Amino acid sequence: MKEKYSVLLILEGTYPFNGGGVSTWAHMLCNDVKNVNYILYSINANFEIKSKYTLSENVKDVIQVPLWSPLEPRELLDYGKRYYKFVDLKETDDDSIVHDIFLPIFEKFLTSIYADNRSLEEFDKTIFDLWSFFQEHDYKKTMKNIIVWRSFCSIVSDIIAKEKDEEVSLNDLTVGLRWLYRFLIPLSIDVPKADISHLTVSGFPVIPALVLKYKYGTPIIATEHGVFIRERLLSINTSEYSFFLKKLLIKLSECITELVYYKSDLILSVNKFNIIWEKLYGANPEKIEIIYNGIDHELFVPAPKPAHLEGIPTVVAAARIFELKDIITMIRSCDVVRQTIPNVKYLVYGDNKAVPEYTEECEKLIDELDLRDNFVLAGFHAKPHLLFCEGDISILTSISEGFPYTVLESMSCGTPVVSTDVGGVTEALDDQCGFICKPKDHVEIGNRVIELLQNHELRAKMGAYARNKVVANFTISKFIKEYELAYDKIMRSETIEVQNPTVLELQNHQEAS
C-alpha cells in the first residue's frame, strides 16, 4: 500500500473546536480522504479544552495556537522546543539587538502594508526575515519593547501626515500594534514537517504554511470558501472602528491575501464566484481549480415532517447566529410572512452563543415585532440530517457565502430553498429547486416564502428536482475523490519550484550558525 502524504490542515476558529460549514468540510476530509494523514493546526481566540468532533484515525496531531489568550501560546503549550531554550531567548535579548536587527525588518513590514504598489517578492522576503529573527530571539520581549512601540508610532504618524483628513489617537496606535502582535504570533511557533500545507482561509493563517515553505519548500494548497478579503471588507466597513484602524486592517488584509495567492501552488475554489475576487487580488488563473462541496446523499434523504409540526407552515434554517448570516433580515422576512400566514413558524438551528451581542440584537427585534410565537432561535440540532425535513421549505439570508452546505443538505432532503444570491449559491440552486433573492431584501424574501408555503404542488416539484440535482452533481464520493486527486497532483507536479531564494537563504543561515 502506498504511503500516505502528511498534510498540515490550517484552520481558524473552526474545526475541530467549533462547528459551521468549514468544519463540516474539514471533518469530511479527515474522515474520508484515503491518501493522506492530517495534522490540524487550529488557530483560535483562546485555548480550547475539548474538540467538538470525534476525530478520525487519519488525524495524527492537533496543534492549537490561541492568539488572544493572556499568556503567549508558547507559555501555555509545548511546541517541541525545549523549555530552557525558550527561557534562554528571553534572557539573552537586549535593546541593541532589537534596534539594530529587528527594527529595519519591522519598518519594511509597515511600509509594505501601506504601500500603494508593493512588491510581493519583497513583502515575502520581509516575512521570511521576521520569521528568521524569531527563530533566535524572543517574540514577546521583542514586540513589547519600547523601541518597537516608538518606531511603530513614528512610521505610522509619518504616513498619516500625508492624509490631510485622517486623525489618530493614542488608543488607535495601541490597538493597531496590539493587532499586529497577535496576528504575527505564529511566526514564533515551530511547525512540524509535512508534505503539504492546506490552508482553509486566504488570510493570516498562511503564516505556518509560509514557515514550512521557507524551511522545506513545502507546497501550499489554499481552499477558498467564503472569500476572506471580501468578508473582511464587509466586516471592517460596517464596524465602529476609527478611520485609522479600518485602514490599517484593510491594508494588512489585502497584503496577506495577495501573499497567499502569490505563494500558493494550487488554489481550490468551492465555486466560480470566488475566482472573480481571486483574480482581482493577483491570483494566477492557471493555479485555480474548482472543487464543489459534496454531501452524503444517502444520509440526507427526504423524510416525513414530524407529527408536532403537521399543519404548521414551517420554515427551517441551519445558521450560526452572527452578522454574515444576516439573521436580522430573516426575522424581518418572518414578519412579512406572518401578515399573510399568521401561524407560520421559523425554526433557526445553530450556535447562538458565538456572538452574544448579535444574538441579543436578534432577540430584541423578535420582541419588537412580537414574533415570539413565530420565530425561534432553536440552538444546536443533534441530528442535522433530520433538520431540513422539519420544514416545508428552508431559508438562507446570508450576505456572504462560499458554497453552503445548508443549501445542498436541504436540496438532498427534497426541501426547496429560498436563498439570497451570494457566493456560489446559484451554482447549486436554480429556479427549478428554489428562489433566489437580493441580500437584505426582507420583503422579496418574505414574499417568496409565502409563494412556496401556499403552493404544495410547486414545493413537491422543486423538492424532487433538487434531490436529483444533488445526487447527480454534489455527492461526498465525488468531492473526496477530487481532493485525493488534488493531493496527488501537488505531490507529483514537476512545476512546483522553490519560490524566491528563501529556502536557500535559510540553509546558508543555518550553516553559518
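**Two cores and a parallel sheet**

In this predicted model, the largest nonpolar core holds 83 residues, and Tyr 41, Val 65, Phe 102, Phe 106, Phe 109, Ile 127 and Leu 180 touch the most other members. Helix α11, residues 243–263, gives the most to this core, with 11 residues. A nonpolar core here is a set of buried Ala, Val, Leu, Ile, Met, Phe, Trp, Tyr and Cys residues joined through side-chain atoms within 4.5 Å; buried means under 20% relative accessible area with a 1.4 Å probe, protein chains only. Helices (H or I, at least four residues) and strands (E, at least two) are DSSP runs, numbered from the N terminus.

Tyr 41 is in contact (heavy atoms within 4.5 Å) with Leu 8, Leu 9, Ile 10, Leu 11, Ile 63, Val 65, Pro 186, Ile 189, Val 191 and Pro 208, leaving aside residues up to four places away in sequence. A second, separate core has 55 residues, among them Tyr 38, Val 270, Tyr 349 and Val 417.

Six strands form an open sheet in the order β10-β9-β8-β11-β12-β13, with parallel pairing; two strands pair if DSSP finds at least two bridges between them. At the edges, β10 (375–379) and β13 (434–437) each pair on one side only. Strand β12 (residues 417–420) pairs with β13 over four bridges, and Ser 419 stands opposite Ile 436 in β13.

Helix α17 (residues 442–453) packs on this sheet and touches β8, β9, β11, β12 and β13.

Residues are numbered from 1 along each chain as its sequence is written, and side-chain values use heavy atoms, without hydrogens and water. Local features need pLDDT of at least 70 and side-chain atom pairs count only at pLDDT 80 or more, while totals for chains, interfaces and linings use all residues.

Terms used:
Buried < 20%, exposed > 50% of the residue type's maximum accessible area, 1.4 Å probe, protein only. Axes fitted to C-alpha atoms, helices over the stretch in contact; angles between N-to-C directions.
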